[in-house]
Amino acid sequence: MSQSYNRGLVEDFGRWREFSAGMWAWIFHKFTGWVLIGYLFTHIAVLSTSTAGPETYTATIQGLEELFLVRIGEVGLLAVAVFHILNGVRLLFVDLGMGLESQDKSFYASLVVTAVIVLASVPTFMEGVF
């Protein structure tokens, strides 16, 4: 016989407090993966302007780079990509059996390294805006 486990109601939104670092890592990894897929479609749409000619493509890129919101989006994209890469490497090591006992520490380390890289890159992305 199998044992049943009461997981609570689907509407029980208070359970997020019980999430461990591994669950947050899984959620962030899935979220960043979907964001990267969404960016891929946006990237293809912008690149499709090159079929109209090099002048149109250059004007599109220059117009987008002048927008402050696009610059903020690029910083966000960097954060998403760096975290997704670092967490993917962390997951690779976990799958290989290395670092099983310190998954939470490696997740927090990937968050810190992501923050350091993004904060160090902000001046470069915002160059020429102010």
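Which helix gives the largest share of the lining of the largest pocket? Helix 1 does, with five residues. Keep that in mind as you move through this predicted model.

**Whole chain**

Start with a cartoon of the entire protein. You should find four helices and zero strands. Read from the N terminus, the order of elements is α-α-α-α. Now colour by burial. Of the 130 residues, 15% count as buried. Then turn to contacts with a sequence separation of 6 or more: 70% of them join residues 24 or more positions apart.

**The largest pocket**

Next, display the largest pocket. Its volume is about 340 Å³. Three elements each give two or more residues to its lining: helix 1 (21-47), helix 2 (54-65) and helix 3 (68-95). Select the lining, 13 residues in total. Then pick out Tyr-39, Val-46, Leu-64, Val-70 and Glu-74, which lie nearest the pocket centre. Colour the lining by residue class. Eight of its residues are nonpolar, three are polar and two are charged.

**Thr-32**

Stay on helix 1 and select Thr-32, which sits in that helix. Is Thr-32 buried or exposed? Thr-32 is buried, because its relative accessible area is 5%, under the 20% cut-off. Show its surroundings, leaving out neighbours within four places in sequence. Thr-32 is then in contact with Val-80, Phe-83 and His-84.

**Asn-87**

Move to helix 3 and select Asn-87, which is found there. Asn-87 has a relative accessible area of 0%, so this residue too is buried. Which side chain does the side chain of Asn-87 meet in a polar contact? Look at Arg-90: the two side chains make a polar contact at 2.8 Å. Now widen the selection, again setting aside neighbours within four places in sequence. Asn-87 is in contact with Ala-25, His-29 and Phe-107. Phe-107 is also where one of the spans in the next stop begins.

**Annotated spans**

Finish with the record. An unreviewed UniProt entry lists residues 21-47, 67-86 and 107-126 under "transmembrane region". Compare the listing with the model, starting at 21-47. Helix 1 covers 21-47 as well. Go on to residues 67-86. This span is 95% helix and 0% strand. Put a distance label on its end C-alpha atoms: they lie 29 Å apart. Then select residues 107-126. Here the chain is 95% helix and 0% strand. The end C-alpha atoms of 107-126 are 28 Å apart.

**Last view**

To close, show Thr-32 and Asn-87 together with the pocket. Thr-32 belongs to helix 1, and Asn-87 to helix 3. Both of these helices are among the elements that give two or more residues to the pocket lining.

Methods. Residues are numbered from 1 along each chain as its sequence is written. This is a predicted model: local features need pLDDT of at least 70, side-chain atom pairs count only at pLDDT 80 or more; totals for chains, interfaces and linings use all residues. Side-chain values use heavy atoms; hydrogens and water are left out. On a 1 Å grid over the protein atoms alone, a cavity is a set of points where a 1.4 Å probe fits but cannot get out, and a pocket is an open set with protein on both sides within 12 Å along at least five of seven lines; lining residues have an atom within 4 Å of a point. Grid points are joined across faces, edges and corners, and a volume is the space filled by probe spheres set on the points. Ala, Val, Leu, Ile, Met, Phe, Trp, Tyr, Cys and Pro count as nonpolar, Asp, Glu, Lys and Arg as charged, and the others, Gly among them, as polar. Buried means under 20% relative accessible area, exposed over 50%, partly exposed in between (1.4 Å probe, protein chains only). Contact means heavy atoms within 4.5 Å. UniProt positions are given in the numbering used here, feature names are shortened, and annotations may be inferred rather than shown by experiment. A polar contact is a pair of N or O atoms within 3.5 Å; within protein, one must be able to donate a hydrogen and the other to accept it, and residues adjacent in sequence count only if both atoms are side-chain atoms.
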